[in-house]
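This report walks through a few local features, one topic at a time. Please keep the sequence and the structure in view while reading.

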Amino acid sequence: MQGGNLTIWSFFFLEGFSRYPTLEIVLFVFSLVMYLITLLGNSSLILVIILDSRLQASMYLFLGNLSLVDICYTSASVPTLLVNLLSSQKTITFSGCAVQMYLSLSMGSTECVLLAVMAYDRYVAICNPLRYPILLNRQVCVHMATASWVAGCLSALLETSFALRVPLCGNLIDHFTCEILAMLQLACTDSLLMDVIMLVVSVLLLPIPMLLICISYVFILSTTLRISSAEGGNKAFSACGAHLTVVILYYGAALSMYLKPPSLSSQEVDKIISLLYGVLTPMLNPIIYSLRNKEVKDAMKKVLGQIPLYQAHERL
C-alpha cells in the first residue's frame with residue numbers, strides 16, 4: 001500500500017535459508033527436535049518447581065520465570081521457522097511480523113534482566129546468608145521477577161513501535177524471522193532516532209546487566225575463597241556454576257549480535273548465531289540447571305516417580 005512517500009507493506013518475504021535448499025531439511029529436523037526438547041524440559045522444570053515444596057526458595061522462583069521466558073521466546077519464532085523451512089512461499093503478514101518482533105525482543109530483554117536478578121540472588125545467598133531470608137523474602141522476589149518482565153516488555157514496545165514506523169523500500173527480510181536488525185536493513189533512509197533508541201536499549205539490557213553479574217561474581221568468588229571448608233566451597237561453586245554457564249551462553253550470543261561493529265556484520269553468520277541463540281540456549285537451560293543442582297534432580301526423580309510409566313521403567 002502507498003501512502004504519500006511512505007510504503008506500508010501488508011506482508012513480508014522471509015529469506016531464511018532458502019539459498020541452501022538441501023540444508024533446510026537438516027535445519028527443520030534440528031529445530032524441531034530442539035524445540036520439542038525446549039518445551040518438554042522447561043515445562044517439566046516449571047511443573048517440578050510448582051509441585052515440590054522443597055523448591056520454594058527465591059532461586060527457584062527466578063528459575064521458573066526463566067523457563068517460562070524460554071518457552072515464550074522459542075514459541076515466538078520457531079513455529080514460523082519450521083513452517084517456512086518446508087514451504088516455498090516463506091511469507092508473514094505485517095501484523096504477524098510485528099507480534100513476532102515484539103515477543104522476541106520482550107522475552108530476550110526480560111531474560112537479560114532476569115539473569116542479573118539471579119546473580120544478585122546468588123550474591124546474597126553466599127555473601128550474606130544470614131540476611132538472605134530478609135533481603136530476598138517471597139514478596140521482594142515476586143516484585144523483582146515482575147520488574148524483569150515489565151522492563152523487558154516496555155523496552156521491546158519502544159523498539160518495536162519505532163521500528164514499524166520506519167519507511168521500508170522492500171519487503172524481503174534476509175532472515176528466518178522478523179528480527180529487528182534485519183528488518184531495519186530495508187529502511188529507505190537512515191533514522192538517527194531509531195539508531196539512538198537501539199543503542200540505548202542495547203547498552204541498558206546487555207553491558208549493564210552483565211557488569212552487575214560480573215560484580216556479583218567477584219564478591220561471590222572472594223567469599224568462596226575465604227570458606228575454609230572444602231565442602232562449603234564446593235557447594236557454593238555448584239550453586240553458581242549453572243547460572244554462570246547460562247550467562248556465558250546467553251550473553252555471548254547476544255553481544256555478538258547486537259553490539260558488534262557494522263564492519264564485522266555478516267547476515268549469514270547472524271542467522272546461524274540467531275538460530276543457536278533462539279533454539280539451542282533455551283533447550284540447554286533446564287538441562288544445565290538440572291544436572292548441576294542436586295535439589296532439582298531429587299525433585300525431578302520424586303515427581304517422575306509418581307508417574308506409572310516411569311515406575312514401570314525403574315522396576316525393569
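## A polar contact at aspartate 70

The side chains of aspartate 70 and asparagine 285 are joined by a polar contact of 2.7 Å, in a model that is predicted. Of these two residues, aspartate 70 lies in helix α2, and because its relative accessible area is 1%, which falls under the 20% limit, aspartate 70 counts as buried.

## The second largest cavity

Helix α2, which covers residues 58-85, also takes part in enclosing an internal space. The structure holds 5 cavities of 30 Å³ or more, and the second largest of them has a volume of about 50 Å³. Which part of the structure gives the largest share of the lining of this second largest cavity? That share, 3 residues, comes from helix α2.

The lining of the second largest cavity is made up of Leu14, Gly16, Phe17, Glu24, Leu81, Asn84, Leu85, Lys90 and Phe176. Sorted by character, the lining residues of this cavity divide into 5 that are nonpolar, 2 that are polar and 2 that are charged.

## Charges over rings

Phenylalanine 17, one of the residues that line the second largest cavity, has a further partner, since the charged end of lysine 271 sits over the ring of phenylalanine 17, at 5.9 Å from the centre of that ring. An arrangement of this kind is also found at phenylalanine 162, where the charged end of arginine 165 sits over the ring, 5.6 Å from its centre.

## Aromatic pairs and a cluster

With ring centres required to lie within 6.5 Å, the count comes to 6 aromatic pairs. One of them is formed by tyrosine 120 and tyrosine 123, whose ring centres are 6.1 Å apart and whose planes make an angle of 35°, an arrangement classed as tilted. Both tyrosines lie in helix α3, which covers residues 94-127, and they are 3 residues apart, about one turn of the helix. Together with Phe219, Tyr120 and Tyr123 form one aromatic cluster.

Are these two tyrosines buried, exposed or partly exposed? The partly exposed class takes in what lies between the buried limit of 20% and the exposed limit of 50%. Tyrosine 120 has a relative accessibility of 32% and therefore counts as partly exposed, and tyrosine 123, with a relative accessibility of 23%, counts as partly exposed as well.

Notes. Residues numbered from 1 in each chain as written. Predicted model: local features only at pLDDT ≥ 70, side-chain atom pairs only at ≥ 80, totals over all residues. Heavy atoms only, no water. 1 Å grid on protein atoms, 1.4 Å probe; cavity = no way out; pocket = protein on both sides within 12 Å on 5 of 7 lines; lining within 4 Å. Points joined across faces, edges and corners; volume = space filled by probe spheres on them. Helix = DSSP H or I, 4+ residues; strand = E, 2+ residues; numbered from the N terminus. Nonpolar A, V, L, I, M, F, W, Y, C, P; charged D, E, K, R; others polar. Phe/Tyr/Trp six-rings, centres within 6.5 Å; stacked < 30°, edge-to-face > 60°. Buried < 20%, exposed > 50% of the residue type's maximum accessible area, 1.4 Å probe, protein only. Lys NZ or Arg CZ within 6 Å of the ring centre and 35° of its normal. Polar contact = N/O pair within 3.5 Å; in protein donor to acceptor, adjacent residues only side chain to side chain.
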